[in-house]
Amino acid sequence: MSEEENDTTSSGKSPVVFERVKEQFQDGVLDLSEEFDELSLVAHRDSVYEILEFLKNDAKLSYDFLVDVTAVDYSQMEDVLTKYDYARFMVVYHLYSYKTGDRLRVKAPVHEKELSVRTVTSLWKGAAWLEREVYDMFGITFENHPNLRRILMPDDFEGYPLCKDYPLRGRGERETFDFERQNA
Amino acid sequence: MGLENRSDDNIITTTVDKVINWGRKNSLWPMPFGTACCAIEMMATLASKYDLSRFGAEAIRFSPRQSDLLIVSGRISLKMMPVLKKIYDQMPEPKWVISMGACASCGGVFDTYTLIQGVDQFLPVDMYIPGCPPRPEDLIDAVMQIQRQIDSGELPKGTLSDANSASVTG
């Protein structure tokens, strides 16, 4: 990373990307933080798509590479839950800029009652499989996704195994595994 | 046998089954089913240092129809198990199965919702290899034990019935 050149973090000033995003999306940005030389941005669920679009298309920032899309189940972390209005999940986007070499983490809190985020496949085609994995593991749906179905687990699998309330040894899938049907 | 007394020293008599088993044991054609780090050890076993061809088992077949020894090396998930069973079913009899390593034999450390806790729930395993992963010597030992089984005329565990494969018996 080359934060010293682009983002003047060492002098105590806020990184350029934070300034830019803040002036563009006042209410859409919930939190900005920098820890261990890593920049994190928490965005409102409804404006995360616009923020990602801005980060990608802005000529100076140019976060043109989507490294990963994943999610975190915060249901057992009280401090995070209270901070973001008891949103159980966070969808996490990791961005990288080929132009500046900077990395950025964008997070969006998602409530259990409206468990969906707008897909970013229109910005990065490679997001399709990553979002499918998030859907497979957490049950978070992505609006307007071209092909949202399970990617790792079998199609008829029930439940979302990376949720914290999912038992590690499963809910009896191993015992009730219908081998003959699967093999047909 | 009486016949040998009347012939030269360079003629022996035996049974057809003994000859067939002798050929079988010295030309096992393994079907590798490598899904994890055990497969790396399996590759090392086949490479020049450990050289499984010393035991006649170097002709690795990636088609189950041409092989008679299935080596399950690695963890098998619920989604993968039907694939493995289909491959096993496609192998012509007589066929042997080696369950290589802790994951294939009992799930290993992966006591989780998605992993088969031992492929012997679905396949007739002839030889288990402990280890995580086992050393190449362990795999060689398993192959040699299978060879000993074949030589003694023992049937593989997966044999449907004695009548179906009478030629295997010694």
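**Exercise 1.** How do the residues of the lining of the largest cavity divide into nonpolar, polar and charged?

*Solution.* The model is a predicted one.
Step 1. Count the cavities: the search gives 1 cavity of 30 Å³ or more.
Step 2. Take its volume, which is about 50 Å³ for the largest cavity.
Step 3. List the lining, which is made up of Ala36(B), Cys37(B), Cys38(B), Gly74(B), Ala102(B), Cys103(B), Gly131(B), Cys132(B) and Pro133(B).
Step 4. Sort these residues into classes. Cys, Ala and Pro count as nonpolar and Gly as polar, and the division of the lining is 7 nonpolar, 2 polar and no charged.

**Exercise 2.** Locate the cis peptide bonds at Pro94(B) and Pro133(B) in chain B.

*Solution.*
Step 1. Most peptide bonds are trans.
Step 2. Between Glu93(B) and Pro94(B) the bond is cis, with omega about -5°. Pro94(B) sits in the loop that runs between helix H4 (81-90) and strand E3 (96-100) of chain B.
Step 3. Cys132(B) and Pro133(B) are also joined by a cis bond, omega being near -15°. Here the loop is the one between strand E4 (127-129) and helix H6 (136-151) of chain B.
Step 4. Link this to Exercise 1: Cys132(B) and Pro133(B) are among the residues lining the largest cavity.
Step 5. Place both loops in the fold of chain B, which has 6 helices and 4 strands in the order α-α-β-α-β-α-β-α-β-α. The C-alpha trace of chain B spans about 65 × 40 × 25 Å along its principal axes.

**Exercise 3.** Describe the interface of chain B and chain A.

*Solution.*
Step 1. Start with the residues: chain B contributes 15 residues to the contact and chain A 17 residues.
Step 2. Give the area. About 1400 Å² is buried between the two chains, with 64% coming from carbon and sulfur atoms. On the chain B side, Leu78(B), Lys79(B) and Tyr113(B) lose the most area to chain A, and together they make up 48% of what that side buries.
Step 3. Look for charge pairs. The interface has 1 salt bridge. Arg169(A) and Asp111(B) form a salt bridge through their side chains, N to O at 2.5 Å.
Step 4. Add the polar contacts, which come to 3 residue pairs between chain B and chain A, both residues being at pLDDT 80 or more. The side of chain B that touches chain A consists of 7 nonpolar, 3 polar and 5 charged residues.

**Exercise 4.** Which parts of chain A does the salt bridge between Asp136(A) and Arg150(A) tie together?

*Solution.*
Step 1. Over all chains there are 15 salt bridges. In the pair of Asp136(A) and Arg150(A), the closest N and O atoms are 2.5 Å apart.
Step 2. Asp136(A) belongs to helix H5 (residues 127-138) and Arg150(A) to the loop between strand E7 (141-143) and helix H6 (173-176), so the salt bridge ties together parts of chain A that are 14 residues apart in sequence.

**Exercise 5.** What does Asp165(A) touch, leaving out residues up to four places away in sequence?

*Solution.*
Step 1. Asp165(A) is placed in the loop between E7 and H6 of chain A.
Step 2. Its contacts are Asp73(A), Arg88(A) and Arg171(A).
Step 3. With the side chain of Arg88(A), the side chain of Asp165(A) makes a polar contact at 3.4 Å.

**Exercise 6.** Where in chain A is Phe36(A) found?

*Solution.*
Step 1. Phe36(A) is in the loop between strand E1 (29-35) and strand E2 (38-43) of chain A.
Step 2. Most residues other than glycine have a negative phi. Phi of Phe36(A), however, is positive, near 50°.

Methods
Residues are numbered from 1 along each chain as its sequence is written. Chains are lettered from A and ligands numbered from 1 in the order in which they are written. This is a predicted model: local features need pLDDT of at least 70, side-chain atom pairs count only at pLDDT 80 or more; totals for chains, interfaces and linings use all residues. Side-chain values use heavy atoms; hydrogens and water are left out. Contact means heavy atoms within 4.5 Å. Buried area is the accessible area (1.4 Å probe) that two parts lose on being put together, summed over both. A salt bridge is a side-chain nitrogen of Lys or Arg within 4 Å of a carboxyl oxygen of Asp or Glu. A polar contact is a pair of N or O atoms within 3.5 Å; within protein, one must be able to donate a hydrogen and the other to accept it, and residues adjacent in sequence count only if both atoms are side-chain atoms. On a 1 Å grid over the protein atoms alone, a cavity is a set of points where a 1.4 Å probe fits but cannot get out, and a pocket is an open set with protein on both sides within 12 Å along at least five of seven lines; lining residues have an atom within 4 Å of a point. Grid points are joined across faces, edges and corners, and a volume is the space filled by probe spheres set on the points. Helices (H or I, at least four residues) and strands (E, at least two) are DSSP runs, numbered from the N terminus.
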